[in-house]
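Trainee: I am new to this structure and would like a close look at a single part of it. Could you walk me through the place where the two chains meet?

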Amino acid sequence: MTTQEMGHHSAPRMSFLNDPVIRGIIYQVVVAAILVGFIAWIIGNTAANLAAQNKSTGFDFLWRTAGFDISFSLLPWSRGSYYWEAFLVGLINTLLVAVIGIVFATILGFTIGIARLSTNFIISSLATVYIEVIRNIPLLLQLFFWYFAVLKAMPAVRNSIELPFESYINQRGIFVPKPLPDEQFGFVWVGLLLALVAIYFLRRWAKTRLEATGQRFPVFLTSLVLLVGVTALVWFVSGASVAFDPPVLERFNFRGGLALPPEFVALAFGLTIYTAAFIAETVRAGVLAVSHGQTEAAQSLGLKEGDRLRLVIVPQAMRVIVPPLTSQYLNLTKNSSLGAAIGYPELVNVFAGTSLNQTGRAIECIAITMMVYLSFSLLTSAIMNWYNARVRLVER
Amino acid sequence: MTDIGFVRSEIVSARPAPNRSSGAIAWVRKNLFSTPLDTALTILGVVFLAWIIPPLYGFFFGNAVPPGGTVEQCRLENAGACWAYIAAEMEFFIYGFYPAQEFWRPNLVFALGALLLAPLLIPKVPYKRTNAVLLFVVYPVVSYILLAGGLFGLRVVPTEQWGGLLVTLIISVVGITLSFPIGVVLALGRQSQLPIIKTVCVMFIELIRAVPLITILFMASVMLPLFMPQGTTVDKFLRALVGVTLFTSAYVAEVVRGGLQAIPRGQYEAAAALGLGYWKRMGFIILPQALKHVIPGIVNNFIALFKDTSLVYIVGMRDLLEAVKTKNDSAIEWQSANTATTGYIFAAMVFWVFCFGMSRYSIFMEHRLNTGYKR
């Protein structure tokens with residue numbers, strides 16, 4: 001700061017253009033002017049184009065009837081439904097496949113990531129081959145493979161392949177028995193919830209006791225007994241029962257049961273397989289990031305193998321794993337938009353595809369779709385920031 | 001004399017040799033059978049391999065119909081992959097609807113590209129700067145003239161007729177070449193002290209990174225024509241290129257930002273103390289160090305871009321995946337149980353070779369450029 005002032009005083013003839021502050025302002029004004037001009041130009045062009053094509057704008061189309069079919073919907077849907085309902089159906093379908101994909105990809109990814117770290121040559125090689133093959137092939141191609149080459153090549157309904165538990169797989173998807181819980185079953189859920197609450201308090205109590213007296217309490221075993229025992233007890237006492245409605249082959253199709261359409265199966269399966277490879281790499285990097293000295297220090301403290309992992313290694317590895325893991329979850333959610341290419345009615349397919357084509361409101365539809373993904377992203381980064389702040393407190 | 005209580009009368013026999021710590025048996029013991037669990041896993045792995053390898057071998061080699069085979073062979077009950085189909089449709093997979101008598105033009109473009117790229121990738125070859133200028137400035141112009149025609153008596157080939165691997169490579173090469181400088185500029189803008197420039201860059205990067213590529217491509221294909229003055233038509237090819245480039249540049253920007261942040265403040269201050277202006281400071285001091293740090297990340301982005309080019313299929317472009325899918329669905333003369341599977345496996349192998357090659361090269365470069373940061 002002082003040098004600048006001195007420069008001003010000692011060399012008054014220096015051009016004001018060489019003052020970094022003034023230069024900065026000039027640059028910014030120029031950039032802002034170009035940007036504003038560019039946007040104005042685009043808006044002008046768009047308005048002219050829309051006027052020329054006699055197209056109206058605005059979000060009023062959301063309250064018009066859509067009049068198209070959606071093959072798979074959790075919400076009631078008919079041709080008479082409105083466009084905003086189509087939006088909702090697409091959003092829910094996106095979330096459904098994303099949640100299922102995230103759950104399975106996490107399980108598979110952690111398994112493969114740990115397998116890759118195994119000292120066993122065969123296991124680690126198998127994991128490496130899986131990761132290197134899956135990561136280097138485009139997801140869309142994998143989806144096409146699962147959908148067109150595997151599921152569409154399944155036998156026709158009449159010759160369905162029978163799976164265990166009265167399930168069937170054929171060209172039209174997977175048919176599984178539908179669980180039909182009776183009215184008493186609500187008690188079982190309550191029991192499960194109570195057991196979870198009890199476990200939470202048990203853990204807290206065990207931790208306080210450990211810190212106060214140094215005595216350990218077998219938390220895991222007790223929790224397991226609580227969880228299974230309480231739930232089973234409530235189940236028997238309340239006399240709840242779950243009937244299963246198996247799919248039955250009729251002349252042309254299956255009746256009853258739960259039908260998972262092939263688009264959904266292919267998308268969920270493809271997303272799981274693809275994302276698991278990336279999660280596996282994340283997990284491997286996280287575990288490798290914990291230095292071997294930590295393991296040795298834990299050993300020298302006399303911790304058992306399980307405690308060593310649970311108390312020393314995993315918490316430190318998780319700090320490295322969680323941020324990239326969340327971004328993988330976000331990627332999976334964004335990648336679920338590829339379902340549009342195989343006809344799974346998710347947000348992009350239903351809203352930025354069919355609705356856009358029918359209404360011609362390109363700008364509105366794409367803006368809404370982008371806003372949805374943007375809010376997913378902002379939500380995720382907000383959660384991430386909160387998590388990072390929390391684990392940072394643990395650090396020195 | 002000292003009292004000696006014990007005198008050994010015979011020579012101590014040699015101790016048994018220690019367990020081998022090298023050689024095949026030791027390796028097997030260490031890597032396959034070190035603990036009971038390890039042994040169980042090994043057995044499990046061997047069973048899995050024994051279960052999966054024979055059918056895979058049968059599908060890919062044993063029962064496969066080699067190039068030159070007939071469709072009748074592919075339709076046999078236990079036939080494997082139908083490589084004959086791939087060989088017969090290879091031209092379509094590479095060139096799409098490009099006119100057959102003009103194939104020498106894309107071939108020349110491929111050859112020129114390989115000829116210019118290879119010396120750039122081998123570190124010992126000199127004249128890197130000339131080479132880079134030729135590849136990134138001269139080569140695209142020459143390629144465009146060659147492929148599109150219209151000049152020097154070359155027949156005009158509209159972009160609608162381009163297809164297959166040719167389009168995949170064009171989109172990825174142009175995307176990579178353009179997104180890198182844009183990404184670097186965006187990263188510099190994001191690190192800038194000037195609030196307006198910083199805000200614009202941050203908003204652009206975050207918006208693009210938040211949405212899936214497919215919505216950007218939709219936007220490019222549906223909204224770009226609306227944004228242009230009336231009467232101008234934007235080539236479909238160009239729309240996809242704009243979408244892919246903008247998308248990747250935002251990701252490259254974030255990776256480069258990581259590199260910029262990893263440079264110690266002292267480097268910035270030392271550069272400023274030498275009296276260098278902003279661009280010289282960045283160009284000579286900061287960026288060379290920062291980019292070296294982030295090579296793996298940038299290459300990862302390029303691999304992602306290469307894979308993502310397959311998405312242009314959704315906005316109606318004819319890339320490799322589209323070519324394979326079209327033939328799978330429409331080549332009636334090659335209809336058999338394994339035709340579609342073989343087609344997709346072929347496409348997967350092509351993508352895999354390119355992506356795996358890039359990732360190996362990035363690991364090689366990382367080791368080479370590792371000038372003492374990791375000790």
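Mentor: Here is a walk through that contact, followed by a short look at the parts around it.

Please keep in mind from the start that this is a predicted model. The contact draws 46 residues from chain A and 46 residues from chain B. On the side of chain A that touches chain B, the elements giving two or more residues are α2 (20–52), α4 (121–135), α5 (139–151), α10 (305–335), α11 (339–342), α12 (347–359) and α13 (362–394) of chain A. The largest share of that side comes from α2(A), with 12 residues. By residue type, the side of chain A that touches chain B splits into 32 nonpolar, 12 polar and two charged residues.

Now let us zoom in on one residue, A:Leu141. With neighbours within four places in sequence left aside, A:Leu141 is in contact with B:Ser310, B:Leu321, B:Tyr344, B:Ala347, B:Ala348 and B:Phe351. A:Leu141 also appears in the largest nonpolar core, which has 145 residues. The members of that core that touch the most other members are A:Leu140, A:Leu141, A:Leu143, B:Leu217 and B:Ala347. You will have met B:Ala347 already, as one of the contacts of A:Leu141.

It helps to see how each chain is divided. Chain A is assigned domain 1 (2–52) and domain 2 (83–182 + 241–394), and the C-alpha centres of these two domains of chain A lie 47 Å apart. Chain B is assigned domain 1 (24–62), domain 2 (100–156) and domain 3 (159–317). In chain B, the C-alpha centres of domain 2 and domain 3 are 23 Å apart.

For chain B there is also a database record to consult. An unreviewed UniProt entry lists residues 40–60, 104–122, 134–156, 162–188, 200–228 and 344–365 of chain B under "transmembrane region". In the model, residues 104–122 of chain B are 95% helix and 0% strand, with end C-alpha atoms 27 Å apart. Residues 200–228 of chain B are 86% helix and 0% strand, and there the end C-alpha atoms lie 22 Å apart.

As a last stop, find B:Pro264, in the loop between α11 (236–262) and α12 (265–273) of chain B. B:Pro264 counts as exposed because 9 other C-beta atoms lie within 10 Å, and a residue is called exposed at 12 or fewer. The C-alpha atoms of B:Pro264 and B:Ile286 are separated by 9.6 Å, with their positions 22 residues apart along the chain.

Methods:
Residues are numbered from 1 along each chain as its sequence is written. Chains are lettered from A and ligands numbered from 1 in the order in which they are written. This is a predicted model: local features need pLDDT of at least 70, side-chain atom pairs count only at pLDDT 80 or more; totals for chains, interfaces and linings use all residues. Domain bounds come from an automatic or database domain assignment. UniProt positions are given in the numbering used here, feature names are shortened, and annotations may be inferred rather than shown by experiment. Helices (H or I, at least four residues) and strands (E, at least two) are DSSP runs, numbered from the N terminus. A nonpolar core is a set of buried Ala, Val, Leu, Ile, Met, Phe, Trp, Tyr and Cys residues joined through C-beta atoms within 7 Å. A residue is buried if 20 or more other C-beta atoms lie within 10 Å of its own, exposed if 12 or fewer, and partly exposed in between; C-beta atoms are placed from the backbone. Two residues are in contact if their C-beta atoms, placed from the backbone, lie within 7 Å. Ala, Val, Leu, Ile, Met, Phe, Trp, Tyr, Cys and Pro count as nonpolar, Asp, Glu, Lys and Arg as charged, and the others, Gly among them, as polar.
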